[in-house]
Amino acid sequence: MMNDMTADVLRSAFGGESQAHMRYRIWGDKAKKDGFENVSRLFECTSDAEEVHATLHFKALRDESGDFSVTSAAGFGLGTTSDNLQGAIDGEMYEVTQMYPAYIAIAEKQGEKEAVRAMQYAVEAEQVHADRFTDAKNAVDSGKDLDAKVIELCPVCGYISFTGEEEKCPICQVKGEMFIGY
């Protein structure tokens, strides 16, 4: 069984590397918009390196048998696809029911309207994510792949469509033609 302190350190390192990965992606996009193509490429490359680090930390979290497990603290680890989908559902519902409501209350109390809007978009989208993961888990548990010929993302709020038929995003109202296909 992994030492609790080591597991805590790995989870913390995973979080830091994950944040750096995303931060460098965002900064790389900004550099590209500012006309610094090579700086953008450097940020993109370094972002990928941080993803490698995060992946190594994530995979190092193992249960007492030495297997990857989503049952370890905070849903970390790598289990069966069904286990991983349940971990995703649990994580999304935690954000919907506990994390974002508390964060929104703080931002509202402090009069931070943009932060409130950003988090309200997120909490609504996270519920949709949980629903989409539930559909996927039901399919996997019955031995099938998810029946989704279309998977599209609203780039403004994070809503995910399985139909591609939305004229407007049901959360943020951006035009459906702006959605990104996967």
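Trainee: As I understand the terms, a residue is buried under 20% relative accessible area, exposed over 50%, and partly exposed in between. Is K30 buried, exposed or partly exposed?

Mentor: This is a predicted model, and in it K30 has a relative accessible area of 48%, so it is partly exposed.

Trainee: Which side chain does K30 meet in a salt bridge?

Mentor: The partner of K30 is D34, with 2.8 Å from N to O. D34 has a relative accessibility of 40%, so it also counts as partly exposed.

Trainee: How many salt bridges are there in the whole structure?

Mentor: A search of the whole structure gives 5. Among them is the one between K137 and D141, at 2.6 Å from N to O.

Trainee: How far apart are K137 and D141 in their helix?

Mentor: They are 4 residues apart in helix α4, which covers residues 113–141, so about one helical turn separates them.

Trainee: And K137, is it buried or exposed?

Mentor: K137 is buried, because its relative accessibility is 14% and the cut-off for buried is under 20%. Its partner D141 is partly exposed, with a relative accessible area of 47%.

Trainee: Where does the pair of D147 and K149 stand, buried or exposed?

Mentor: Both residues are exposed. Their side chains meet in a salt bridge of 3.5 Å, again from N to O.

Trainee: Let me step back to the whole protein. What does its secondary structure come to?

Mentor: There are 4 helices and 3 strands. Read from the N terminus, the order is α-α-α-α-β-β-β.

Trainee: What does the C-alpha trace span along its principal axes?

Mentor: The span is about 50 × 45 × 40 Å. The protein has 182 residues, and 31% of them count as buried. The exposed area is about 11,800 Å², of which carbon and sulfur atoms supply 54%.

Trainee: How many positive and negative side chains are there?

Mentor: There are 18 positive and 32 negative side chains, and the centres of the two sets lie 5 Å apart.

Trainee: What share of the contacts join residues at least 24 apart?

Mentor: Counting contacts between residues at least 6 apart in sequence, 48% join residues at least 24 apart.

Trainee: I would like to look at a single charged residue next. Where is E92?

Mentor: E92 sits in helix α3, which covers residues 81–109. E92 is buried, yet it has no salt bridge.

Trainee: Which side chain of opposite charge is nearest to E92?

Mentor: That is R132, at a distance of 11 Å.

Trainee: Then what is E92 in contact with, leaving aside its neighbours within four places in sequence?

Mentor: Its contacts are E126, H129, A130 and F133.

Trainee: A130 caught my attention. What separates the C-alpha atoms of G91 and A130?

Mentor: The separation is 8.3 Å, although the two residues are 39 apart along the chain. G91 is found in helix α3, and with a relative accessible area of 30% it is partly exposed.

Trainee: And how far is A102 from A122, going by C-alpha atoms?

Mentor: Those atoms are separated by 13 Å, with the two positions 20 residues apart along the chain. A102 lies in helix α3 as well, and it is partly exposed at a relative accessible area of 38%.

Trainee: Now the strands. In what order do they form the sheet?

Mentor: The 3 strands form an open sheet in the order β2-β1-β3, and the pairing is antiparallel. The edge strands are β2 (160–161) and β3 (180–181), each pairing on one side only.

Trainee: What holds strands of a sheet together in general?

Mentor: Strands of a sheet pair through backbone hydrogen bonds, in a parallel or an antiparallel sense. Here, strand β1, residues 152–153, pairs with β3 over 2 bridges.

Trainee: Which residue in β3 stands opposite E152?

Mentor: That residue is G181.

Trainee: One last point: what is the phi of Q173?

Mentor: Q173 has a positive phi of about 75°, although it is not a glycine. Most residues other than glycine have a negative phi.

Trainee: Where is Q173 found?

Mentor: Q173 is in the loop between β2 and β3. Its relative accessibility is 44%, so it counts as partly exposed.

Terms used:
Residues numbered from 1 in each chain as written. Predicted model: local features only at pLDDT ≥ 70, side-chain atom pairs only at ≥ 80, totals over all residues. Heavy atoms only, no water. Buried < 20%, exposed > 50% of the residue type's maximum accessible area, 1.4 Å probe, protein only. Contact = heavy atoms within 4.5 Å. Areas by Shrake-Rupley, 256 points an atom, 1.4 Å probe, with all protein chains shown as cover. Lys, Arg positive; Asp, Glu negative; His and termini not counted. Charge placed at Lys NZ, Arg CZ, Asp CG, Glu CD. Salt bridge = Lys/Arg side-chain N within 4 Å of Asp/Glu carboxyl O. Pairing = 2+ DSSP bridges.
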